[in-house]
Amino acid sequence: MEQKTQPKKRGRKPGSKNKNKRATLKGSNNSSSIFTELEREIGGILGHLKKAEDLAAKEFEKIEQRHARELEKQKAKLEMSISLWKNRAKEYRKKLTTAGTRRGKVGRPPLNTTARRGRPVGSTGRKGGGRKKAGELTKRDIILSFVKKHKKPLTSRDIIDGLFPSSGENDKKRFSQGVYTTLTLMYNRGDLKKKGTMITAS
């Protein structure tokens, strides 16, 4: 009689240590591909970061160079402006003063030797003030002559009342102030003597 052959059993034999080798290999391949993909993505990100850093460094360098050029321009303008104003000030001071020394220092203001002493002549004519003409009596001469003429002590009011009508002036208050000033000078010079309110010739 013919013996029937038993069909082969699929799968692991009892006691086999090879546990699903195909599945293990398949899982290993998947893990390695994931890591490879992650490495590729990380490398791309790092590359983009490096490019961004390089671009930022270049832009920052451009900005620094631009600011440096602007600062140089402003500095040059300020130096030019300061130099210009110094020269103008020096020229202006030279106009107001005498010629400078050899080192460029400004000398003293010139003396006005052509100016005449005394009060300037008014444009509308002189009334009690201004420069006296040659031979013309001064206010001091008139007061001294008036006091000697009376030969008695007089007050300042007597002198003003006696001289004002012939003075040619219209303002008595102004005329009185001039007389008081002249009397004070005459006391100091010794032309007149004053005792209390009375005035006499020396």
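Mentor: Angles of 65 to 115 degrees between helix axes count as roughly perpendicular. The model discussed here is predicted.

Trainee: How are helix 2 and helix 4 oriented to each other?

Mentor: The axes of helix 2 and helix 4 come within 10 Å and cross at roughly 75 degrees. That angle falls in the range of 65 to 115 degrees. Helix 2 and helix 4 are therefore roughly perpendicular.

Trainee: Which residues make that contact, and how many of them are nonpolar, polar and charged?

Mentor: Helix 2 contributes Lys139, Arg140, Ile143 and Leu144. From helix 4 come Gly178, Val179, Thr182, Leu183, Met186 and Arg189. By class, the contact has three charged, two polar and five nonpolar residues.

Trainee: How are helix 3 and helix 4 oriented to each other?

Mentor: The axes of helix 3 and helix 4 also come within 10 Å, and they cross at roughly 130 degrees. Angles over 145 would count as roughly antiparallel, and 65 to 115 as roughly perpendicular. The pair fits neither class, so helix 3 and helix 4 are oblique.

Trainee: What is the handedness of the crossing of helix 3 and helix 4, and which residues meet there?

Mentor: Helix 3 passes helix 4 in a right-handed crossing. On the helix 3 side are Ser156, Arg157, Ile159, Ile160, Asp161 and Leu163. They meet Lys172, Phe175, Ser176, Val179, Tyr180 and Leu183 of helix 4.

Trainee: How many residues of that contact are nonpolar?

Mentor: The contact of helix 3 with helix 4 includes three charged and two polar residues. The nonpolar ones number seven.

Trainee: Which helices each supply at least two residues of the largest nonpolar core?

Mentor: The largest nonpolar core has 15 residues, and Ile143, Ile159, Leu163, Phe175, Val179, Leu183 and Leu192 have the most contacts inside it. At least two core residues each come from helix 2 (139–150), helix 3 (156–163) and helix 4 (172–189).

Trainee: Which residues does isoleucine 159 contact beyond four places in sequence?

Mentor: Isoleucine 159 is among the residues with the most contacts inside the core. With neighbours within four places left aside, its partners are Ile143, Phe146, Val147, Leu154, Val179, Leu183 and Ile199.

Trainee: Is isoleucine 142 buried, partly exposed or exposed?

Mentor: Isoleucine 142 lies in helix 2. Buried means under 20% relative accessible area and exposed over 50%. At 36%, isoleucine 142 therefore counts as partly exposed.

Trainee: How far apart in space are isoleucine 142 and leucine 163?

Mentor: Isoleucine 142 touches Leu163, and also Leu137, when residues up to four places away are not counted. Isoleucine 142 and leucine 163 are 21 residues apart in sequence. From C-alpha to C-alpha, the distance is 8.4 Å.

Technical notes. Residues numbered from 1 in each chain as written. Predicted model: local features only at pLDDT ≥ 70, side-chain atom pairs only at ≥ 80, totals over all residues. Heavy atoms only, no water. Core = buried A, V, L, I, M, F, W, Y, C linked by side-chain atoms within 4.5 Å. Buried < 20%, exposed > 50% of the residue type's maximum accessible area, 1.4 Å probe, protein only. Helix = DSSP H or I, 4+ residues; strand = E, 2+ residues; numbered from the N terminus. Contact = heavy atoms within 4.5 Å. Axes fitted to C-alpha atoms, helices over the stretch in contact; angles between N-to-C directions. Parallel < 35°, antiparallel > 145°, perpendicular 65-115°, else oblique. Left-handed = near helix turned anticlockwise from the far one by under 90°. Nonpolar A, V, L, I, M, F, W, Y, C, P; charged D, E, K, R; others polar.
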